[in-house]
Amino acid sequence: MDWLSVPTNTVASNNDTNLALGFTSAAVSVILFGSNFVPVKKFDTGDGMFFQWILCASIWLVSLVVNLILRCPKFWPLAMVGGCVWATGNITVVPIVKTVGLGLGLLIWASTNLLTGWASSRFGLFGIDAEVVARPYLNYTGAGLSALSAVIFLFVKSEVKSISSNAEAETTPLLNGSINRGENTATDESWVDKLTPLQKRIVGSVMAAGAGILYGSCFIPVLYIKDHSKNNASVYAGASQFDLDYVFAHFSGIFLTSTVYFLIYCAVMKNQPKVYPEAILPGFISGFLWAIANCCWFLANNYLSAVVSFPIITAGPGLIAAMWGVLVFKEIKGLRNYLLLGLAFCIVLSGSLLTAFSKI
C-alpha cells in the first residue's frame with residue numbers, strides 16, 4: 001500500500017497508541033525500579049557478591065520466559081555487551097551503600113546514569129544515531145529538571161536503626177543502607193570497614209559515578225544494532241527494530257558476567273565465600289521485579305525513544321523509594337522532609353511532562 005493512501009487519522013491513531021504504550025511502560029518501570037529492593041530490605045546481603053549472583057539468576061530466568069513468548073528471535077551477541085556493562089556497574093552497589101550510603105550513592109549514580117543515557121541518545125554518541133525530538137528545548141529542560149530532582153533527595157533524612165552496638169535510631173541520608181542491613185550486620189566486616197571516613201567518601205563517590213556511567217551505557221549496544229540494521233552492508237542488516245527482541249541477549253550478558261565475577265570472588269576468598277541463605281528467596285523476588293522493570297524500559301525505548309525514556313525512568317524510582325519510606329516503613333517523618341518530597345515530586349512530574357511533550 002502506498003503510504004500516501006493511508007488515512008491521516010489512522011497514522012495519528014497509531015502514534016497515540018505508541019505513546020500510550022510507551023508512557024505506560026515507563027510508569028510500570030518507574031514503580032518496579034523504585035520497589036525492587038523492598039523484598040530484601042530486612043535481610044543481610046553481606047558484601048553483595050552472593051546477592052548479586054542470585055539477583056542476576058532471577059533476571060535471566062525472566063528473560064528466558066520472555067524469549068520463549070517472543071518465539072526466540074535472533075540472538076545478537078553484541079547485545080550481551082550491554083548486560084556485561086550493567087553487571088559490572090551493579091557489583092559496586094553494596095560497597096557504595098557501605099561507603100557513602102544509598103542517599104548520596106543514588107544521587108550520584110542516578111544523575112550520571114541519566115546524563116549518560118540521555119546524552120548518548122540525544123547527540124548520537126558511541127556510533128549510534130542521534131535521536132530527533134519535535135521540541136528539543138522541552139527535552140533539554142525536562143532532562144535538567146529530572147537531574148535536579150535527584151539532588152533534592154539528598155536532603156531528605158530518614159530514621160533507620162544504627163549498626164552500632166547501641167542500636168539507637170540515628171538520622172541518616174534517605175534509605176541509607178536500608179536495603180542491605182540486617183540484624184547481624186555489625187559482625188560483617190569487609191575491605192570497606194578498613195577505610196577511613198575520607199577514603200570511604202572518595203572511594204564511594206568515584207564508584208557511584210562509574211556505576212552511573214555504566215548503567216547509562218548499557219542500552220548502547222542494542223541501539224547500535226538497531227541503527228546499523230538499516231545499512232545493507234552492515235553485519236547487522238535486517239536486525240529487529242523491536243527492542244524487546246534483545247532482552248534475552250542483554251540479560252544473558254548480565255548473568256554470564258555476574259557468574260564470572262562470583263567465581264573470581266570465590267577464588268579470592270579461597271573457596272569460602274560469604275553466603276547468606278536468608279537472602280536467596282528475597283533476592284529472586286527482587287531480581288524478578290527488576291527484570292520486569294527493565295523489560296518495560298526496553299518497551300519504553302521502543303515506543304518513545306531513549307532520549308525521552310531515560311529522564312523519566314532514571315528520575316522516578318527515587319520518588320517511589322521515598323514513598324515506601326513514608327507510607328510503609330515510617331522511616332521518613334517531619335514537615336521538612338514532607339515538603340522536600342513534595343518539591344521533588346513536582347520537579348519529577350514537571351521534568352517527565354516536559355520530556356513527554358518534547359516527543360509530541
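In the predicted model, the aromatic pairs come to a count of 22. One of them joins Trp86 and Trp290, whose ring centres lie 4.4 Å apart with 45° between the planes, a tilted arrangement. This pair bridges distant parts of the chain, since Trp86 belongs to helix 3 (residues 78-90) and Trp290 to helix 9 (residues 280-304), with the two positions 204 residues apart. Both Trp86 and Trp290 are buried. A further pair is formed by Trp118 and Phe123; the ring centres are separated by 5.6 Å and the planes meet at 85°, so this pair is edge-to-face. Its two members differ in exposure: Trp118 has a relative accessibility of 10% and is therefore buried, the limit being under 20%, whereas Phe123 is partly exposed at 45%. Ring pairs also connect Phe33, Trp86, Tyr215, Phe219, Phe251, Trp290, Trp297, Phe298 and Phe310 into a cluster. The tilted pair of Trp86 and Trp290 thus has both of its residues among the members of this cluster.

Phe123 also takes part in a nonpolar surface patch, together with Leu125, Phe126 and Tyr140. The accessible area of these four residues together is about 410 Å². Phe126 sits in the loop that runs between helix 4 (93-123) and helix 5 (136-153). With a relative accessibility of 57%, Phe126 is classed as exposed, because the threshold is over 50%.

Two further positions were examined in helices. Ser25 is located in helix 1 (residues 8-33) and, at 9% relative accessibility, counts as buried. Apart from neighbours within four places in sequence, Ser25 makes contact with Cys296, Leu299 and Ala300. Ile213 is placed in helix 6 (residues 197-217) and is partly exposed, its relative accessible area being 44%. When residues up to four places away in sequence are set aside, Ile213 touches Thr112 and Thr116. The C-alpha atoms of Ile213 and Trp109 are 7.5 Å apart, although 104 residues separate the two in sequence.

For the chain as a whole, the secondary structure consists of 11 helices and two strands. Read from the N terminus, the order of elements is α-α-α-α-α-β-β-α-α-α-α-α-α. The chain has 360 residues, 52% of which count as buried. Of the contacts between residues at least 6 apart in sequence, 81% join residues at least 24 apart. The accessible surface amounts to about 16500 Å², and carbon and sulfur atoms account for 68% of this area.

Confidence varies along the chain. The average pLDDT is 80, and 83% of the residues reach at least 70. Among the elements, helix 8 (residues 247-268) has the highest mean pLDDT, at 96, and strand 2 (residues 169-173) the lowest, at 36. Residues 1-6 have a pLDDT below 50, and beyond near neighbours in sequence this stretch makes two contacts in the model. The pLDDT also remains under 50 across residues 160-187, a segment for which the model contains 63 contacts beyond four places in sequence. Predicted coordinates should not be read in detail where pLDDT is low.

Definitions and conventions. Residues numbered from 1 in each chain as written. Predicted model: local features only at pLDDT ≥ 70, side-chain atom pairs only at ≥ 80, totals over all residues. Heavy atoms only, no water. Helix = DSSP H or I, 4+ residues; strand = E, 2+ residues; numbered from the N terminus. Buried < 20%, exposed > 50% of the residue type's maximum accessible area, 1.4 Å probe, protein only. Contact = heavy atoms within 4.5 Å. Phe/Tyr/Trp six-rings, centres within 6.5 Å; stacked < 30°, edge-to-face > 60°. Patch = residues over 30% accessible without salt bridge, like charges linked within 9 Å, V, L, I, M, F, W, Y side chains within 5 Å. Areas by Shrake-Rupley, 256 points an atom, 1.4 Å probe, with all protein chains shown as cover. Salt bridge = Lys/Arg side-chain N within 4 Å of Asp/Glu carboxyl O. pLDDT = per-residue confidence, 0-100.
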